[in-house]
Amino acid sequence: MNTRLVPDRHALTSWLAAGLLLGFLSACASPPGSPGAAAVGYQPQRGQMGKDVMWLPTSPALVRTMLTAAQVSANDLVVDLGAGDGIIPITAAQQFGARSLGIEYNAKLAAYAQQQVERAGVDGRARIVQGDIFQEDFSAATVVTMYLLPELNLQLRPTLLAMKPGTRLVSHAFDMGDWEPDQVLGTERSEE
């Protein structure tokens, strides 16, 4: 693991870039039996297009790495921007005891993810809403996770900079332009 600490020049937020190589995307599928593996009705398709990005599932191991890097605890509200199948909010609630919210633009995928929340038994601590990450208010978050393209990260920067000091941001794979991360984590590609 390669870690780099850089002072936050705006002193508003810290963000962690889980600087994970794009080449390991094929290792990101949720294994059978994990949240998001099966539900009644709708089934998300790897690579399906959404409003701004395509959906690619994140592996449980990577989710744990991201949430651990953000030092998530039961005192946190984790907001996942582009929640997909809901694995990040589910894991934040199940394994870290946090309250969590996933914002997903695709209505069918949001409903599917909410089903996964309920199946995982964390609907009292986690929920998924259908919404636009550029319009939803997530200012109460203490941790924000995202797996978005660099252009979207840059569009979100004013919103993220306006968040309360100490909010932790974790971006999987993509950076925030010239906004230097406090920490960069590298992971090895692994098949799960």
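1. Let's start with one residue, Asp76. Asp76 is buried, with a relative accessible area of 4%; the cut-off for calling a residue buried is under 20%. Please keep in mind as you look around that this is a predicted model.

2. What does Asp76 form with Arg168? The two make a salt bridge, and their closest N and O atoms lie 2.7 Å apart. That counts as a salt bridge because the side-chain nitrogen of an Arg has to be within 4 Å of a carboxyl oxygen of an Asp or Glu. A search through the whole structure turns up one salt bridge. The pair connects distant parts of the chain: Asp76 sits in the loop between helix 1 (60-69) and strand 2 (77-81), while Arg168 belongs to strand 6 (residues 167-172), and 92 residues separate them.

3. Stay with the loop between helix 1 and strand 2 for a moment, since Gln71 is found there too. Is Gln71 buried or exposed? Gln71 is exposed, with a relative accessible area of 64%. Its backbone deserves a look as well: the phi of Gln71 is near 55°, a positive value in a residue other than glycine. Most residues other than glycine have a negative phi.

4. Now for the helices. Two packed helices are described by the angle between their axes and the distance between those axes. How do helix 1 and helix 2 (residues 87-96) pack? Their angle is about 65°, and their axes are 10 Å apart. Helix 1 is therefore roughly perpendicular to helix 2. The crossing of helix 1 past helix 2 is right-handed.

5. If you would like to find that contact on your screen, here are the residues that make it. Helix 1 contributes Pro60, Val63, Arg64, Met66, Leu67 and Thr68. From helix 2 come Ile87, Ile88, Thr91, Ala92, Gln95 and Phe96.

6. Next, step back to the whole fold. How many helices and strands are there in the protein chain? The protein chain has four helices and seven strands. Reading from the N terminus, the elements follow the order β-α-β-α-β-α-β-β-α-β-β.

7. Some totals round off the picture. The protein chain has 192 residues, and 50% of them count as buried. About 9,000 Å² of the protein chain is exposed, with carbon and sulfur atoms supplying 54% of that area. Take the contacts in the protein chain between residues at least 6 apart in sequence: 73% of these join residues at least 24 apart. The salt bridge of Asp76 and Arg168 also links distant parts of the chain.

Terms used
Residues are numbered from 1 along each chain as its sequence is written. This is a predicted model: local features need pLDDT of at least 70, side-chain atom pairs count only at pLDDT 80 or more; totals for chains, interfaces and linings use all residues. Side-chain values use heavy atoms; hydrogens and water are left out. Helices (H or I, at least four residues) and strands (E, at least two) are DSSP runs, numbered from the N terminus. Buried means under 20% relative accessible area, exposed over 50%, partly exposed in between (1.4 Å probe, protein chains only). Contact means heavy atoms within 4.5 Å. Accessible areas come from the Shrake-Rupley method with a 1.4 Å probe; for residues, only the protein chains shown count as cover. Axes are lines fitted to C-alpha atoms, for helices over the stretch in contact, and angles run from 0 to 180 degrees between N-to-C directions. Angles under 35 degrees count as roughly parallel, over 145 as roughly antiparallel, 65 to 115 as roughly perpendicular and the rest as oblique. A crossing is left-handed if the near helix is turned anticlockwise from the far one by less than a right angle, and right-handed if clockwise.
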